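Subject: Structure handover and notes

Dear colleague,

I am passing on the structure we spoke about, so that you have it open while you read. My notes on what was found in it follow below.

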Amino acid sequence: MLDQVVRRLAVLTAAPALLVMAAPADAKVPAPPLPRHAPAGSVAPAVLMSEVVTRTNQQRRANGCGQLGVDRELTVASVRQSLYMARTGVFSHVWRDGTTFVARSHAAGYSQPSGENIAWGYRTSEEVVEAWMNSPTHRENILNCSAHSIGTGVAYGKNGLPYFTQVFGYE
């Protein structure tokens, strides 16, 4: 069944006009647990999050960019995005209330986000990073050599599918 799911990708880059308020920066957002409705053999979100960072850095090294450091605030912003998509089923960079990745990053305490990649329906970190690398706009975010930081988020929706988020930053 999972193999028959249409997989989706979306990308967004920073734009000052997109600033909107989000949740308070002091709200703690741990990696979501593996829900009961996740398909058999599903990987825990924290494991997928770590693997996405590793695979992203492998792509950057192979293409002449420096390694990204994991940033706590970008991770909080990424997890919030993945949880939102998983909870609502809304696959979008912009929440229904208008909140963007820039606002989520700022609310989490990060001042210079550079871009966000989202995806759903991919079962492994290898699949999602490969899909992002095969998409010119996602690839551009990953291979933005001016970016220095990354946060990742993964959450499973009620449909059993993982929702992936990467947020990149200049700090």
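**A buried charged pair**

Both Arg104 and Glu116 are buried, and their side chains meet in a salt bridge, with nitrogen and oxygen 3.2 Å apart. Because Arg104 lies in helix H3 (residues 101-107) and Glu116 in strand E3 (residues 113-120), the pair ties together parts that are 12 residues apart in sequence. Please keep in mind throughout that this is a predicted model.

The structure holds two salt bridges, and the other one to look at joins the side chains of Glu127 and Arg123, at 4.0 Å from N to O. Here Glu127 is partly exposed, with a relative accessible area of 22%, and Arg123 is likewise partly exposed, at 37%. As general background, side chains of opposite charge can pair when their charged atoms come close.

**The chain as a whole**

The secondary structure comes to five helices and five strands, which follow one another along the sequence in the pattern β-α-β-α-α-β-α-α-β-β. Of the 171 residues in the chain, 49% count as buried, while the surface that the chain exposes comes to about 8,000 Å², with carbon and sulfur atoms supplying 54% of it. If one takes the contacts between residues at least 6 apart in sequence, 75% of them join residues at least 24 apart.

**Helix H2**

Helix H2 covers residues 72-88, and its 17 residues reach 24 Å from the first C-alpha to the last, which is close to the 24 Å expected at 1.5 Å a residue. How enclosed is H2 by the rest of the structure? Since 12 of its 17 residues are buried, H2 is largely enclosed; the buried residues include Leu74, Val76, Val79, Arg80, Tyr84 and Met85. What covers the buried residues of H2 includes the helices H1 and H3, together with the strands E2, E3, E4 and E5, the last of these being residues 162-169.

Thr75 offers a view of this covering from a single position, as it is one of the buried residues of H2 and has a relative accessible area of 17%, which is under the 20% that marks a residue as buried. Leaving out residues up to four places away in sequence, Thr75 touches Met49, Val70, Ile150, Gly151 and Thr152.

The two ends of the helix also deserve a look. At the N-terminal end, Asp71 caps H2, with a side-chain oxygen that lies 2.9 Å from the backbone nitrogen of Glu73. Just after H2, Gly89 takes a positive phi of about 75 degrees.

**The disulfide**

A search of the whole structure finds one disulfide, which joins Cys65 to Cys145 with a distance of 1.9 Å from S to S. The pair links distant parts of the chain, 80 residues apart, with Cys65 in the loop between helix H1 (45-62) and strand E2 (69-70), and Cys145 in the loop between helix H5 (136-142) and strand E4 (149-156). The angle about the S-S bond is -70 degrees, and the link is left-handed. The two cysteines can also be set side by side for accessibility: Cys65 counts as buried, at 6% relative accessibility, whereas Cys145 counts as partly exposed, at 41%.

**Arg60, in contact with both cysteines**

Arg60, which lies in helix H1, counts as buried, at 1% relative accessibility. Leaving aside its neighbours within four places in sequence, Arg60 is in contact with both Cys65 and Cys145, and also with Gly66, Gln67, Leu68, Ile142, Leu143, Asn144 and Ala147. The side chain of Arg60 reaches the backbone oxygen of Ile142 at 2.8 Å. Arg60 and Arg139 are 79 residues apart in sequence, and their C-alpha atoms are 9.8 Å apart in space.

With best regards

Note on methods
Residues are numbered from 1 along each chain as its sequence is written. This is a predicted model: local features need pLDDT of at least 70, side-chain atom pairs count only at pLDDT 80 or more; totals for chains, interfaces and linings use all residues. Side-chain values use heavy atoms; hydrogens and water are left out. Helices (H or I, at least four residues) and strands (E, at least two) are DSSP runs, numbered from the N terminus. Buried means under 20% relative accessible area, exposed over 50%, partly exposed in between (1.4 Å probe, protein chains only). Contact means heavy atoms within 4.5 Å. Accessible areas come from the Shrake-Rupley method with a 1.4 Å probe; for residues, only the protein chains shown count as cover. A disulfide is a pair of cysteine sulfur atoms within 2.5 Å. The expected span of a helix is 1.5 Å times one less than its number of residues. A polar contact is a pair of N or O atoms within 3.5 Å; within protein, one must be able to donate a hydrogen and the other to accept it, and residues adjacent in sequence count only if both atoms are side-chain atoms.
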